[in-house]
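Q: I have a model open and do not know how to read it. Can we go through some of its features one by one?

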Amino acid sequence: MGRIDTLLAAMTLEEKIGQLTMVASFRAVTGPGAPRDAAEGVRSGRIGALLNLWGADETHAVQRLAVDESRLGIPLLLGLDVVHGHRTIFPVPLAEACLFDPALWEKTARAAAEEAAMDGVALTFAPMLDVARDPRWGRIVEGPGEDPWVASQFAAAKTRGFQGHDLSAADSLAATAKHLGAYGAVTAGREYASADVSERTLHEIYLPPFAAAVAAGTAAIMPAFNDIAGAPTTANAALLQGWLRGHLGFRGVLISDYNAVAELIDHGVAGDTAEAAALALKAGVDIDMMGDAYAKGLPEALRRGLVGMAEIDASVRRVLELKERLGLFDDPYRRGASGARATAGGAADRRGLARDVARRAIVLLTCARDALPLSPDIRRLALIGPLAAARQEMLGPWASAGRGEEAASILQGLTAALPDCRIDHAAGVDIAGDDTRGVSAALDLCRDAEAVVLCLGEAASMSGEAASRADLGLPGAQRALAEAVLDLGKPVVALLCSGRPLALPWLFERADAVLAAWFLGGEAGNAVADVLTGKFNPTGKLPVTWPRHVGQAPIFYAQRPSGRPTKVGDRYTSSYLDLSAAPQFPFGHGLSFSRFALHDLRRDPSRVKAGQAVTISVSVANEGGVDGEATLFLFVRDLVASVARPVMELKGVRKIVLTAGAREQATWRLPVETLAFIGRGFDPVLEPGVFEVHVGLSADPIECLTDVVELLR
Ligand code: BGC
């Protein structure tokens with residue numbers, strides 16, 4: 001008998017359920033060492049997994065309780081939300097998505113895994129793969145944006161990065177793709193609400209990133225808190241057993257979200273804990289995070305015949321297999337051993353990577369001629385706003401072991417980058433609240449300055465979990481501050497630090513330049529300085545459509561065609577009476593100090609058959625005066641199909657570095673099979689007909705070059 005069979009044969013029911021139980025360690029409360037409340041549970045085998053514990057000494061101490069003091073010596077599974085870095089904090093995922101660069105996405109995940117593993121962690125609750133099209137929803141910050149194709153690339157890159165080549169290696173983490181189940185579509189962007197998406201939208205938009213994570217070998221998946229049209233995902237057997245395990249062949253572990261099994265009672269699908277536990281287990285959820293519902297409910301569910309021992313055993317087996325794959329049985333102390341610390345890449349390398357990724361994540365939204373870069377001759381700058389000197393806020397939500405006091409503020413970054421310039425700083429107002437007493441002192445500083453950098457936005461806690469906002473404006477008195485500064489008539493560059501697009505048409509209209517600076521992590525200030533001074537030519541592109549008003553949400557480029565497409569001035573077309581239907585900035589938008597132009601779109605051949613591929617090429621020229629990097633997007637539209645297809649669908653991205661004046665060719669090889677879609681019978685179908693091909697620097701259709709390809713019968 002193998003190790004797992006032997007263990008299963010020896011385990012009591014309580015020990016089996018222990019393997020399916022994950023509890024929080026309350027590290028912050030109880031300090032280092034084994035948390036008092038969990039210690040007894042670990043020793044007795046009633047707890048097989050912990051979350052939120054890190055640090056080599058702390059994790060090894062608690063691991064010793066399991067290995068040396070529990071009856072069967074099964075090592076613990078230690079999980080943590082290592083979402084965008086561990087000690088070195090990278091930009092929040094929405095910001096990192098602006099890179100459109102799978103190689104760098106993978107690199108930051110690798111670096112995060114190395115650091116977290118050095119701290120004894122074995123599993124991360126990441127990547128977060130929820131396609132999000134509604135900026136009211138706070139968790140839009142945690143994922144890769146609105147597009148399923150981008151999210152799928154992100155899923156694969158992050159999974160590879162976290163897990164490395166060998167899951168058992170001392171620097172590998174098990175990835176947990178989350179939160180399966182259209183969480184991004186919660187009603188009106190309101191956290192934890194129901195998502196009522198069609199089966200088609202679920203399969204076309206929300207599930208593909210999870211399929212990509214499975215294809216990349218993700219060790220674990222977390223179902224979302226919410227229900228889809230009355231079916232809470234934690235109990236959705238059709239989705240978890242049918243689609244995920246059955247159709248995709250996922251063999252890994254399903255970990256519930258925090259207390260989600262017990263919440264099946266509140267969802268109104270379970271009458272008591274035993275029913276909740278049975279529903280989740282039968283749906284395929286292996287580990288109950290923080291609900292205690294399995295511990296309390298499964299024995300009773302067994303008695304009532306709601307579940308069988310074989311179902312419990314199947315889940316226990318999957319958990320033990322994961323522990324085995326992670327190498328925990330062979331050496332439970334491998335992660336966090338001093339050897340592991342020595343082999344992982346240096347902290348300086350990771351900081352360098354953090355700075356590079358952070359500056360690549362900045363999106364230059366608007367820029368009047370000559371507003372940026374700042375002149376090298378500038379001698380007096382006013383740095384105004386509540387985010388100018390902020391450090392902790394730069395880390396954003398889910399900052400793992402990151403430390404605010406180690407983060408570079410914008411003030412620090414600019415001070416280091418402009419040694420000959422006097423920088424006067426005043427917050428003016430707080431991030432939230434209505435105290436405007438600091439405004440006049442801030443204005444005085446602006447009056448004496450050659451230019452003003454205004455640092456506006458949200459607190460880190462205003463996005464992430466349980467951080468939906470009904471308003472996409474600036475919180476508190478920041479608009480009053482900004483307008484007073486703009487009224488002075490000085491050159492103003494505005495930086496927006498936020499976890500979501502903010503609807504600020506007045507600012508885009510009036511400021512000389514506006515940059516989306518998101519929450520850029522530990523190197524935020526240096527990254528911002530690199531861009532403002534022109535040391536780095538901005539390359540970031542929006543992974544979400546940016547609304548001009550909250551009333552446009554949800555908003556995304558891949559709309560289904562209307563019978564009455566939007567036509568300005570024609571009332572009976574898809575539009576608003578009181579607002580333009582056009583976004584503030586399209587998906588993919590992002591300016592550069594260079595000026596790129598596309599010419600000469602070609603497709604070869606123009607008529608193709610199944611099994612063939614079409615080559616799309618375009619010539620891109622840098623017509624500006626500085627070297628830069630262009631990002632090109634390839635979209636298709638299936639003009640006539642048995643199910644109406646979106647007006648644009650992303651199929652590829654190319655990034656090309658061009659010296660000033662240079663011109664290059666970008667090409668894509670598009671296998672015809674990528675034109676397939678989910679047909680009426682929910683199977684992929686490839687239908688002959690004419691497809692439009694659009695290539696552009698964003699999803700603005702007016703700016704794209706367009707041609708057609710015909711798929712022959
Ligand atoms: C969040 C998850 C997270 C978990 C553990 C939950 O509240 O929804 O994304 O992984 O907590 O911290």
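A: We can start with the ligand, keeping in mind that this is a predicted model. The shell around the ligand is made of 7 nonpolar, 1 polar and 5 charged residues.

Q: Which residues of the shell are closest to the ligand?
A: The ligand is surrounded by 13 residues, and the closest are Asp81, Arg139, His179, Asp257 and Glu465.

Q: How do I read polar contacts with the ligand, and where are they here?
A: Look for pairs of N or O atoms within 3.5 Å. Lys178 has a polar side-chain atom 2.8 Å from an oxygen atom of the ligand. For His179, a side-chain N or O atom is 2.7 Å from a ligand oxygen atom. In the case of Asp257, the distance from a side-chain N or O atom to an oxygen atom of the ligand is 2.6 Å.

Q: How much of the ligand's accessible area does the protein cover?
A: On its own the ligand has 310 Å² of accessible area, and the protein covers 95% of that.

Q: Now the backbone. What should I look for there?
A: Most peptide bonds are trans, and most residues other than glycine have a negative phi. Exceptions to either pattern can be picked out from the angles.

Q: Which peptide bonds are cis here?
A: One cis bond joins Ala126 and Pro127, with omega about 5°. Pro127 sits in the loop between β4 (123–124) and α8 (148–163). Another cis bond joins Leu372 and Pro373, where omega is about -10°. The loop between β11 (363–367) and β12 (380–384) holds Pro373.

Q: What is the sign of phi at Asn52, positive or negative?
A: Asn52 is not a glycine, yet its phi is positive, about 70°. Asn52 belongs to the loop between β2 (49–51) and α5 (56–69).

Q: Last, how do I describe two helices that meet, such as α7 and α17?
A: Give the distance and angle between their axes, then the residues in contact. The axes of α7 (residues 102–118) and α17 (residues 347–361) come within 11 Å and cross at roughly 145°. The crossing is left-handed. On the α7 side the contact involves Leu104, Lys107, Thr108, Ala111, Glu114, Glu115 and Met118, and on the α17 side Arg350, Leu353, Val357 and Arg360. By type, the residues of this contact are 5 nonpolar, 1 polar and 5 charged.

Note on methods:
Residues are numbered from 1 along each chain as its sequence is written. This is a predicted model: local features need pLDDT of at least 70, side-chain atom pairs count only at pLDDT 80 or more; totals for chains, interfaces and linings use all residues. Side-chain values use heavy atoms; hydrogens and water are left out. Axes are lines fitted to C-alpha atoms, for helices over the stretch in contact, and angles run from 0 to 180 degrees between N-to-C directions. Helices (H or I, at least four residues) and strands (E, at least two) are DSSP runs, numbered from the N terminus. A crossing is left-handed if the near helix is turned anticlockwise from the far one by less than a right angle, and right-handed if clockwise. Contact means heavy atoms within 4.5 Å. Ala, Val, Leu, Ile, Met, Phe, Trp, Tyr, Cys and Pro count as nonpolar, Asp, Glu, Lys and Arg as charged, and the others, Gly among them, as polar. A residue is near a molecule or strand if one of its heavy atoms lies within 4 Å of it. A polar contact is a pair of N or O atoms within 3.5 Å; within protein, one must be able to donate a hydrogen and the other to accept it, and residues adjacent in sequence count only if both atoms are side-chain atoms. Accessible areas come from the Shrake-Rupley method with a 1.4 Å probe; for residues, only the protein chains shown count as cover.
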